[in-house]
Amino acid sequence: MVVETPGSQSSLHRANLERVVRAVRLAGSLTQAEIARGTGLSAATVSNIVRELRDNGTVQVTPTSSGGRRARSVSLSGDAGIVVGVDFGHSHLRVAVGNLAHQVLAEQTEPIDVDASAAQGFDRAEQLVGQLIATTGIGADKVIGVGLGVPGPIDVASGVLGSTAILPGWGGINPREELAGRLGMPVHVDNDANLGALGELVWGAGRGVKDLAYIKVASGVGAGLVINGQIYRGPGGTAGEIGHITLDESGPVCRCGNRGCLETFTAAGYVLDLLRSSHGPDLTVPRMVRLARDGDPGCRRVIADVGRHVGMGVANLCNVLNPSRVVLGGDLAEAGEVVLAPIRESVARYAIPSAARQLAVVPGALGARAEVLGALALVLSEMGDSTLLPDSAPATLAFT
């Protein structure tokens with residue numbers, strides 16, 4: 001094996017190839033001018049590298065326009081490989097297959113009681129992954145990896161769900177190992193809020209933003225935190241658990257054991273209970289949101305109260321992390337200004353004024369697809385760049 005000298009022309013060229021591939025891989029597609037700005041390489045160097053990558057089949061180049069001028073859009077080749085996303089919610093399973101050019105090739109959702117049995121959930125995920133890969137006409141050997149989302153924090157040390165109170169049927173389960181063993185493919189796992197943040201960052205309302213928080217209000221309340229363009233998980237994997245910020249130390253007992261957590265005033269179970277005496281026992285969050293948008297005063301009041309409580313949690317995030325954007329996900333985001341306006345009001349009241357002024361609170365652009373698209377983005381962010389190049393020899397010296 002040839003060992004390259006640090007700083008040699010060959011190692012520098014290899015490093016530049018990987019920089020360009022990484023920029024395109026994370027963005028999905030970029031013009032050559034955008035690649036030059038993002039990598040710091042000269043326009044001439046980028047042009048030469050793109051030509052080389054196109055000739056060896058790593059990227060594809062298509063005509064486009066930028067600022068009214070003709071340009072060339074660069075993306076990874078559609079046949080360079082595929083990635084799979086699997087999203088477990090409390091009541092659904094969603095699977096998607098995409099290519100390295102950030103195109104979704106196949107996607108399917110079905111209702112499932114994930115809480116009841118981990119084995120049943122993984123059985124169905126295994127079947128659905130196989131079916132969707134088959135529909136693409138691309139061989140399973142082209143799968144680079146699988147992204148897996150679960151509705152709870154993952155313990156970094158053990159890989160096990162951090163709280164069995166969230167998914168009681170999943171006690172002692174290592175989701176990554178379970179799915180990897182069934183599929184025979186590399187699996188990357190994260191919680192649903194982090195994947196929602198990744199999905200919105202790559203495809204949705206967070207594009208072009210380096211510091212944001214994705215807030216998901218569903219059966220629980222969580223936040224996916226993006227700092228300097230990267231998901232921040234914390235050393236134990238539990239960063240973003242804003243649902244357990246204390247709002248009232250004498251309030252209802254939370255499933256975490258504390259009293260008056262944000263989650264006890266905003267989660268679906270609590271919110272729907274407030275309305276069932278007047279709106280019937282079969283009320284769901286999507287229906288509550290539809291009624292609120294149609295002017296139902298009770299639903300509007302309850303959703304506005306949820307917004308004010310969530311806004312207090314967001315204000316705490318502003319004071320600590322100072323994000324430039326908060327993206328609201330989950331079914332509640334469909335309520336629009338009914339929920340967003342009270343969030344902004346609480347932020348204005350409780351956050352440091354300078355942090356509040358810099359913050360934009362917006363609805364997610366991806367809706368219920370945010371997490372499964374984030375699972376695809378997780379694989380795209382974790383995969384290496386050297387494997388996409390024809391010669392996988394290292395670009396730098398291996399110390400001996």
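**Figure 1. Accessible surface of the protein chain in the predicted model.** The protein chain exposes an accessible surface of about 17900 Å². Carbon and sulfur atoms contribute 50% of this area. Of the 400 residues, 49% count as buried.

**Figure 2. Charged side chains of the protein chain.** The protein chain carries 33 positive and 38 negative side chains. The centres of these two sets are 8 Å apart.

**Figure 3. Secondary structure and overall dimensions.** The protein chain comprises 13 helices and 13 strands. Its radius of gyration is 23 Å, close to the 21 Å that the globule rule gives for 400 residues, so the protein chain is as compact as a globular protein of that length. Along the principal axes, the C-alpha atoms occupy a box of roughly 70 × 50 × 45 Å. Among contacts with a separation of 6 or more, 62% join residues 24 or more positions apart.

**Figure 4. Strand β2 and helix α11, the extremes of mean pLDDT among the elements.** Strand β2, spanning residues 59–66, has the lowest mean pLDDT of the elements, at 84. Helix α11, formed by residues 337–350, has the highest, at 97. For the protein chain, the mean pLDDT is 88, and 93% of the residues reach 70 or more.

**Figure 5. Two stretches with pLDDT under 50, residues 1–5 and residues 392–400.** Over residues 1–5 the pLDDT stays under 50, and the model has 8 contacts for this stretch beyond four places in sequence. Residues 392–400 also have pLDDT below 50, with 12 contacts in the model beyond near neighbours in sequence. Where pLDDT is low, the predicted coordinates should not be read in detail.

Technical notes:
Residues are numbered from 1 along each chain as its sequence is written. This is a predicted model: local features need pLDDT of at least 70, side-chain atom pairs count only at pLDDT 80 or more; totals for chains, interfaces and linings use all residues. Side-chain values use heavy atoms; hydrogens and water are left out. pLDDT is the predictor's confidence in each residue, from 0 to 100. Helices (H or I, at least four residues) and strands (E, at least two) are DSSP runs, numbered from the N terminus. Contact means heavy atoms within 4.5 Å. The radius of gyration is taken over C-alpha atoms; the globule rule is 2.2 Å times the number of residues to the power 0.38. Buried means under 20% relative accessible area, exposed over 50%, partly exposed in between (1.4 Å probe, protein chains only). Accessible areas come from the Shrake-Rupley method with a 1.4 Å probe; for residues, only the protein chains shown count as cover. Lys and Arg count as positive and Asp and Glu as negative; His and the chain ends are not counted. The place of a charge is taken as NZ of Lys, CZ of Arg, CG of Asp or CD of Glu.
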